[in-house]
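Work through the exercises below with the sequence and the structure at hand, and try each task before you read its solution.

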Amino acid sequence: MTGTTTEHRDIAAYRALKETGESGPASGALEPLDADFIRGLFIEAGADDCGIVAANDPAAAAQAHLIEALLPGTRTLVSFVCRMNRTTVRTTVRSVANEEFHQTYDLVNDVARDVVRRLEDRGIRAINPAAAFPMEAQNFPTNMQTISHKPLAEAAGMGKMGLHRNVIHPKFGSFILLGTVLIENPVTEASAPLDYSPCLDCRLCVAACPVEAIGADGTFNFSACYTHNYREFMGGFTDWVHEVADAGDAEDYDRRVSHGETVSMWQSLSFKPGYKAAYCLSVCPAGTDVLGPYADDRIEYRKTYLDPLLAKEETVFVLEDSDAAESVPKRFPHKQTKPVDWTIESDNPFAFLFGLTLTFQRRKARGVDAAIHLTVTGEQATEAALTVADNRLTVDFGAPETPAAHLSIGWEDLRRLFQGRTELAALVEEGAAQVEGSEQSLARVLDCFPRYRVSETV
């Protein structure tokens, strides 16, 4: 039996319009887009500034796999900023400052979505990853991000990274949040990075940080910042769940967690997570729109913006045996210090070694100069060199040339050791670990890390 196939009426109408040149957006058109047109789209949508980066720019190379996963064939990345209200961020009242962050993040996402919609209406493929959360949380703690906004912002001329690890815009300073839009088409002209840093090198962010996460020499203690400032995000939330699970009853829970902490966690779950500090942004005087009061009277500036944060009575969350646990009571005797666990989920040695780079404690590493050859035995066999020198840690895969000690240990026992659920001497006595070379050097390197807990279910 034979017959004719009737083309769907919509496709037939499309073909008829295409023949007349009135079919609307053309599919697959990759003509270069005018740079001024793109900038205009972002400003009209509500961005305060934007810059253009070619996808093959070296600044994007490190995350080429993320870009390809988001939009295969991406040729252009547009970094843009939305400005926050400075006085609102600078208040010591955390709920007010946090709402400014959340409102601005919503604005960033709205701007990006609006631009993508306008491009899509023209037949141009584009995508807008989130400004912050949500991320690919199933990959926690590594590879959660869908895109890393900061290096793209620097390449697009949106600013330079300051000591506090935030991008400082030349005009708006630290009071910005970042967004990125990926576009399939090329753009006629890319932006140029800034040829200077807006950072004034004032070190006020160093002074303001309650956990000394920011070093005056440019170093950064990630775990100190993460443990306190992000207490009600990711790892801190998991630790709170552990407190709930471990509590024998309601009275035991109340002994572990104050009523204020419980209500604060509820508020974060209900109204978006709250940052505990972000003081480094609050005190930053950089940016031409911002620096006036600091340039006119530095002492008065410190009294107005820094001193109230230092004087604030608050709970500061720290890891046990960490630099922050030692320094906070000395610097801020009026602030309450609470030791907590920070859960790093590591189901393989690579993720574990990555975690070590985040939990390394520079103060505890003073005077340590040693390279440790670590051999993880078993199904997930790995060799690594842990080198501590000049208060810094480097992790390389492979054996060091002149190790002070060699630790051979199974993966599960290595996790137990760093979780504080066993001691190295006990593992050696059981035959579960072997140590060659200087046991003292090995012990000193191990002491450069706090103890943290990992879920038994990993």
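**Exercise 1. Two helices in contact**

Determine how the axes of helix 17 and helix 18 are arranged relative to each other, and which residues make the contact.

Solution. In this predicted model, the axes of helix 17 (residues 349-359) and helix 18 (residues 411-418) come within 11 Å of each other and cross at roughly 25°. Angles under 35 degrees count as roughly parallel, and therefore helix 17 and helix 18 are roughly parallel to each other. As for handedness, helix 17 passes helix 18 in a left-handed crossing. The contact is formed by P349, F352 and L356 on the side of helix 17, and by W411, L414 and F418 on the side of helix 18. Sorted by class, this contact has 6 nonpolar residues, with no polar and no charged ones.

**Exercise 2. A sheet and the helices on it**

Work out in which order the 5 strands of the open sheet are arranged, and which strands stand at its edges.

Solution. Begin with the order, which is 11-10-9-12-13, in an open sheet whose pairing is mixed. Strand 11 (392-397) and strand 13 (433-437) each have a single partner strand, so one side of each is left without a neighbour in the sheet, and these two strands stand at the edges. From one strand to the next, the twist averages 20°.

Next, look at one pair inside the sheet: strand 9 (residues 370-377) and strand 10 (residues 382-389) run antiparallel and are joined by 7 bridges. As an example of such pairing, I372 has L386 in strand 10 as its bridge partner.

Finally, add the helices. Helix 17 lies across strand 9, strand 10 and strand 11, and runs at about 160° to strand 11. Helix 20 (residues 439-446) also packs on the sheet, where it touches strand 9, strand 10, strand 12 (405-410) and strand 13, and its direction makes about 85° with that of strand 9.

**Exercise 3. The surroundings of one residue**

Decide whether R83 is buried, partly exposed or exposed, and find its contacts beyond its neighbours within four places in sequence.

Solution. First locate R83, which has its place in strand 2 (residues 76-83). Its relative accessible area is 37%, and because buried means under 20% and exposed over 50%, R83 is partly exposed. Once the neighbours within four places in sequence are left aside, R83 is in contact with D48, T104, F172, F175 and I176. For I176, compare two separations: R83 and I176 are 93 residues apart in sequence, but their C-alpha atoms are 4.5 Å apart in space.

Conventions
Residues are numbered from 1 along each chain as its sequence is written. This is a predicted model: local features need pLDDT of at least 70, side-chain atom pairs count only at pLDDT 80 or more; totals for chains, interfaces and linings use all residues. Side-chain values use heavy atoms; hydrogens and water are left out. Axes are lines fitted to C-alpha atoms, for helices over the stretch in contact, and angles run from 0 to 180 degrees between N-to-C directions. Helices (H or I, at least four residues) and strands (E, at least two) are DSSP runs, numbered from the N terminus. Angles under 35 degrees count as roughly parallel, over 145 as roughly antiparallel, 65 to 115 as roughly perpendicular and the rest as oblique. A crossing is left-handed if the near helix is turned anticlockwise from the far one by less than a right angle, and right-handed if clockwise. Contact means heavy atoms within 4.5 Å. Ala, Val, Leu, Ile, Met, Phe, Trp, Tyr, Cys and Pro count as nonpolar, Asp, Glu, Lys and Arg as charged, and the others, Gly among them, as polar. Two strands pair if DSSP finds at least two bridges between them. Buried means under 20% relative accessible area, exposed over 50%, partly exposed in between (1.4 Å probe, protein chains only).
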